[in-house]
Structure formats: structure tokens, C-alpha cells
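Thanks for coming. I will go through one structure and a few of its side-chain contacts, and then stop for comments.

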Amino acid sequence: MKQKAILIGVLAFLGLTTSQSGPFKARLESAVHSGGESYAQVLLSQDPAQQLCTQYRNQLPSALIPQFLQGQKALIRYPKTGKLLGDWQNGEKVFTDPKRGNCYACHQGDPKQLAYGTMGPSLTGYGSRGTSEGVLRYTYEKIYNSWAYVPCSLMYRGGVHGLFTPEETADLVAFLLDPHSPINQR
């Protein structure tokens with residue numbers, strides 16, 4: 001009898017807490033409403049790759065990884081000009097736009113910026129890697145679709161989801177690599 005009462009109490013508590021509108025749910029609903037229908041689609045629907053990540057809780061079986069990476073690389077689109085290094089000043093605009101790049105949410109960029117996330121690595125001084133074809137291609141593809149390199153990464157796939165164009169991805173690459181970019185100033 002006592003165990004039944006405890007079980008009923010726990011179930012009632014869980015039902016009460018999951019039915020309450022928490023701060024995260026309120027922020028999510030606000031973002032969905034203010035971002036429009038296409039933004040809502042990005043947040044609320046899953047493509048087959050996301051379904052796999054959900055199914056395996058971001059720990060894909062090793063047998064699935066090669067095909068997964070190949071599928072993600074196939075989603076990468078490139079600028080019509082073929083240039084992977086664009087305009088760093090426009091890249092800075094996309095980098096700092098919360099509805100597009102939103103890169104400061106996870107990364108440090110311009111060392112003069114005081115507010116930034118630490119979930120991703122610092123990108124300050126990223127330009128010291130140079131601008132070889134390998135560095136350009138890796139940087140471009142990682143920004144456009146991070147899952148082409150790290151399956152189920154927390155870094156979202158801004159290019160795949162249309163948050164920025166291939167040309168803007170090249171601009172982001174320039175923001176990271178151009179020696180005149182504030183990211184590379186000391």
C-alpha cells in the first residue's frame with residue numbers, strides 16, 4: 001500500500017513538472033515564432049542523418065560511419081565561382097548574426113569580444129594555419145556541414161540547413177583566415 005502511494009506521488013510529480021512551461025520551452029517557442037516557417041522547419045524536423053543520430057544517441061556504430069560521412073559530404077555545395085575564400089567583412093556579419101552563423105554561441109573569435117561560448121574551440125588566431133588548398137577546403141566543408149567530418153557533432157550544419165549560402169560560407173572562411181580579420185589580430 002505504501003509503495004502504491006509513493007508510485008502515485010512520483011507519477012503525479014513527473015506529470016506536473018513535464019506539463020509546466022519551462023524557460024527553455026518558452027525560448028524555443030519564441031525562436032520558432034519569430035524566425036518564421038523555414039526556421040521552424042529547421043528546428044522541428046529531422047532528416048535521415050538526424051534520425052540516425054537520435055536513434056544511436058550520437059554514438060553511431062562504426063559500420064555506419066563511412067556511409068554517413070559520404071552522405072554528409074554529398075550535401076556540401078560550393079560557390080559558383082569555385083572560390084572558397086570570400087569577403088572577410090561579410091563573413092564577420094554572418095559569424096555574429098544570431099539567426100545565421102551565431103558562431104559566438106560556441107566559439108571565441110575576435111579577442112576583443114568579451115562574450116562568447118566555450119563549447120567549441122577558440123578560433124582566435126585561426127589564420128595561422130595559412131591558406132593552402134587543404135586548409136581552405138577543410139575549413140569550408142567543416143563550416144558548411146560539420147557532420148561531414150564529425151558525425152552527430154553539436155556544431156550545426158548551417159549550409160545544409162540554408163542558414164547561409166555557399167558564398168557566405170566562403171566569407172566565413174575568409175573571416176577565419178584573412179590576416180586582416182579581427183580574429184587574426186593580436
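**Cysteines, charges and rings**

Let me start with Cys-103, which counts as buried because its relative accessibility is 16%. Before going further, please keep in mind that this is a predicted model.

Staying with the cysteines, what is the closest cysteine sulfur to that of Cys-106? That sulfur belongs to Cys-103, and at 8.6 Å it is too far away for a bond. Cys-106 itself is partly exposed, since its relative accessible area is 28%.

How many disulfides does the structure hold? The count is 1. The partners are Cys-53 and Cys-152, with 2.0 Å between their sulfur atoms. About the S-S bond of Cys-53 and Cys-152 the torsion is about -85 degrees, so this disulfide is left-handed. Cys-53 sits in helix H3, residues 48-55, while Cys-152 is in the loop between H6 and H7, so the bond ties together parts that are 99 residues apart in sequence. Buried or exposed? Cys-53 and Cys-152 are both buried. Cys-103, by contrast, takes part in no disulfide.

Next, the salt bridges. Searching the whole structure turns up 5 of them. I will take three from the list.

One is between the side chains of Lys-73 and Glu-141, at 3.8 Å from N to O. Lys-73 belongs to helix H4, residues 65-74, and Glu-141 to helix H6, so this pair links distant parts of the chain, 68 residues apart. The two ends have different surroundings: Lys-73 is partly exposed at 38% relative accessibility, whereas Glu-141 is buried, with a relative accessible area of 6%.

Glu-141 also meets the side chain of Arg-137 in a salt bridge, here at 3.5 Å from N to O. Why are Arg-137 and Glu-141 separated by about one helical turn? Because they are 4 residues apart in helix H6. Arg-137 is partly exposed, with a relative accessible area of 35%. Through shared partners, salt bridges join Lys-73, Glu-133, Arg-137 and Glu-141 into one network.

The third one I want to show is between Glu-168 and Arg-100, where the closest N and O atoms are 2.5 Å apart. Again distant parts of the chain are linked: Glu-168 is in helix H7 and Arg-100 is in the loop between H5 and H6, 68 residues apart. Glu-168 counts as buried at 16% relative accessibility, and Arg-100 is partly exposed, with a relative accessible area of 23%.

That brings me to helix H7. This helix covers residues 166-177, which is 12 residues. From its first C-alpha to its last, H7 reaches 17 Å, close to the 16 Å expected at 1.5 Å a residue. Is H7 enclosed or open? Of its 12 residues, 11 are buried, so H7 is largely enclosed by the rest of the structure. Among the buried residues are Pro-166, Glu-168, Asp-171, Phe-175 and Leu-177. What covers the buried residues of H7? The cover includes helix H5, residues 88-96, and helix H6, residues 133-144.

Now the aromatic side chains. There are 6 aromatic pairs in the count. One of them is Tyr-78 with Tyr-140: the ring centres are 5.4 Å apart and the planes are at 20 degrees, so this pair is stacked. Since Tyr-78 lies in the loop between H4 and H5 and Tyr-140 in helix H6, the pair ties together parts that are 62 residues apart in sequence. Tyr-140 counts as buried at 0% relative accessibility, while Tyr-78 is partly exposed, with a relative accessible area of 34%. Ring pairs link these two tyrosines and Tyr-144 into a cluster.

One more ring, this time with a charge. The charged end of Arg-157 sits over the ring of Trp-147, and the distance to the ring centre is 4.0 Å.

To recap on helix H6: Glu-141 lies in this helix and pairs with Lys-73 of helix H4, Tyr-140 in the same helix stacks with Tyr-78, and H6 is included in what covers the buried residues of H7. That is all I have; comments are welcome.

Methods: Residues are numbered from 1 along each chain as its sequence is written. This is a predicted model: local features need pLDDT of at least 70, side-chain atom pairs count only at pLDDT 80 or more; totals for chains, interfaces and linings use all residues. Side-chain values use heavy atoms; hydrogens and water are left out. Helices (H or I, at least four residues) and strands (E, at least two) are DSSP runs, numbered from the N terminus. The expected span of a helix is 1.5 Å times one less than its number of residues. Buried means under 20% relative accessible area, exposed over 50%, partly exposed in between (1.4 Å probe, protein chains only). Contact means heavy atoms within 4.5 Å. A disulfide is a pair of cysteine sulfur atoms within 2.5 Å. A salt bridge is a side-chain nitrogen of Lys or Arg within 4 Å of a carboxyl oxygen of Asp or Glu. Rings of Phe, Tyr and Trp (its six-membered ring) pair if their centres lie within 6.5 Å; planes under 30 degrees apart count as stacked, over 60 as edge-to-face and the rest as tilted. A charge sits over a ring if NZ of Lys or CZ of Arg is within 6 Å of the ring centre and within 35 degrees of the ring normal.
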